Amino acid sequence: MRLTARSTVVRIGAGAMALSLLAGGAVVAQAALTRVPSEVQAGDYKLDPAHGKITWSVDHLGFSTYVGQFVNVQAELKLDPANPSASSLTATIPLTEVASNSDGLNRHLQTADFFDTANHPVATFRSTRIVVDPSDPDEATVYGELTLRGVTKPVTMEVDFNQAGQTRGGYKAGFDGEAKIKRSDFGITFGLPALGDEVELHIEGEFVKPG
């Protein structure tokens, strides 16, 4: 097909306009995101289970740090950026949904040596107080209670706010958190002291506001 100079110019112009529109759309989408906590929409959020998990790590006999995850966590966040102390977080962790990269260990963790999921299939967390760092509003301390194997103990979680905004999946707010617990506090004493008592928890979550 023969192209004239005019048709070439027209096509180049149309292409440039299309790129400009795409770039403009990207700018608009980016502008819709915020990393300022006070700009986040207030309301009730639910954890996106595809983008929410708890990674745990524990000392393995002094040889290494063993790492695994809990997946399919369910959580609800009531968020009030104007009054953070009025915010709250609850979570349900299915202990049967543990991923340790070892089928044998996955099965062992279900027994009475560890989680005893026949009697306690889930763990739960309920916040009791949320305090934003006055020197850094991106950070907050979440005080709460963790119930595991029927035992409830206070747990403190340090949380970082990542960003919030409209996505294809809806309006989201993303956070990371860290906490430490002693498994012996919850009656899990198998392998002590060779197998570590302190368990580090890293929490990642994208919370979606139903629209």
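This passage walks through the fold, the nonpolar core, one pocket and a few backbone details of a predicted model.

The protein contains two helices and ten strands. Read from the N terminus, the order of these elements is α-β-β-β-β-β-α-β-β-β-β-β. Of the 211 residues in the protein, 33% are buried. The accessible surface comes to about 12600 Å², and 56% of that area is supplied by carbon and sulfur atoms. Contacts that reach far along the chain are well represented: when residues at least 6 apart in sequence are considered, 56% of the contacts join residues at least 24 apart.

The interior is a good place to start. In soluble globular proteins, nonpolar side chains tend to be buried together. Here, the largest nonpolar core has 42 residues. Those with the most contacts inside this core are Val 40, Tyr 45, Trp 56, Phe 70, Phe 115, Phe 125 and Phe 207. Many strands take part, with at least two core residues supplied by each of S1 (43-60), S3 (74-79), S4 (88-94), S6 (122-132), S7 (139-148), S8 (151-167), S9 (170-182) and S10 (195-209). Phe 125 offers a closer view of the packing. Leaving aside residues up to four places away in sequence, Phe 125 touches Leu 89, Thr 90 and Ala 91, as well as Val 142, Tyr 143, Gly 144, Glu 145 and Leu 146, and also Val 155 and Met 157.

Attention turns next to a pocket. The second largest pocket has a volume of about 210 Å³, and the elements that give two or more residues to its lining are S1, S8, S9 and S10. Strand S8 provides the largest share of this lining, with five residues. In total the second largest pocket is lined by 15 residues, and those nearest its centre are Gln 163, Lys 172, Gly 174, Gly 205 and Glu 206. Sorted by class, the lining of the second largest pocket comprises seven polar, five charged and three nonpolar residues.

Several loop residues also deserve a look. Leu 61 sits in the loop between S1 and strand S2 (64-70). The phi angle of Leu 61 is near 60°, a positive value in a residue other than glycine. Leu 61 counts as partly exposed because its relative accessible area is 42%, which falls between the limits of 20% and 50%.

The loop between helix H2 (103-109) and S6 holds Ala 112, and Asp 116 lies in the loop between H2 and S6 as well. Asp 116 has a positive phi, near 50°, in a residue other than glycine. With a relative accessibility of 15%, Asp 116 is classed as buried, since the cut-off for that label is under 20%. Ala 112, in contrast, is exposed, as its relative accessible area is 53%. The C-alpha atoms of Ala 112 and Phe 190 are 9.2 Å apart, although 78 residues separate the pair along the chain.

A final backbone detail concerns Pro 193, which is found in the loop between S9 and S10. The peptide bond joining Leu 192 and Pro 193 is cis, with omega at about 0°.

Conventions
Residues are numbered from 1 along each chain as its sequence is written. This is a predicted model: local features need pLDDT of at least 70, side-chain atom pairs count only at pLDDT 80 or more; totals for chains, interfaces and linings use all residues. Side-chain values use heavy atoms; hydrogens and water are left out. Helices (H or I, at least four residues) and strands (E, at least two) are DSSP runs, numbered from the N terminus. Buried means under 20% relative accessible area, exposed over 50%, partly exposed in between (1.4 Å probe, protein chains only). Contact means heavy atoms within 4.5 Å. Accessible areas come from the Shrake-Rupley method with a 1.4 Å probe; for residues, only the protein chains shown count as cover. A nonpolar core is a set of buried Ala, Val, Leu, Ile, Met, Phe, Trp, Tyr and Cys residues joined through side-chain atoms within 4.5 Å. On a 1 Å grid over the protein atoms alone, a cavity is a set of points where a 1.4 Å probe fits but cannot get out, and a pocket is an open set with protein on both sides within 12 Å along at least five of seven lines; lining residues have an atom within 4 Å of a point. Grid points are joined across faces, edges and corners, and a volume is the space filled by probe spheres set on the points. Ala, Val, Leu, Ile, Met, Phe, Trp, Tyr, Cys and Pro count as nonpolar, Asp, Glu, Lys and Arg as charged, and the others, Gly among them, as polar.
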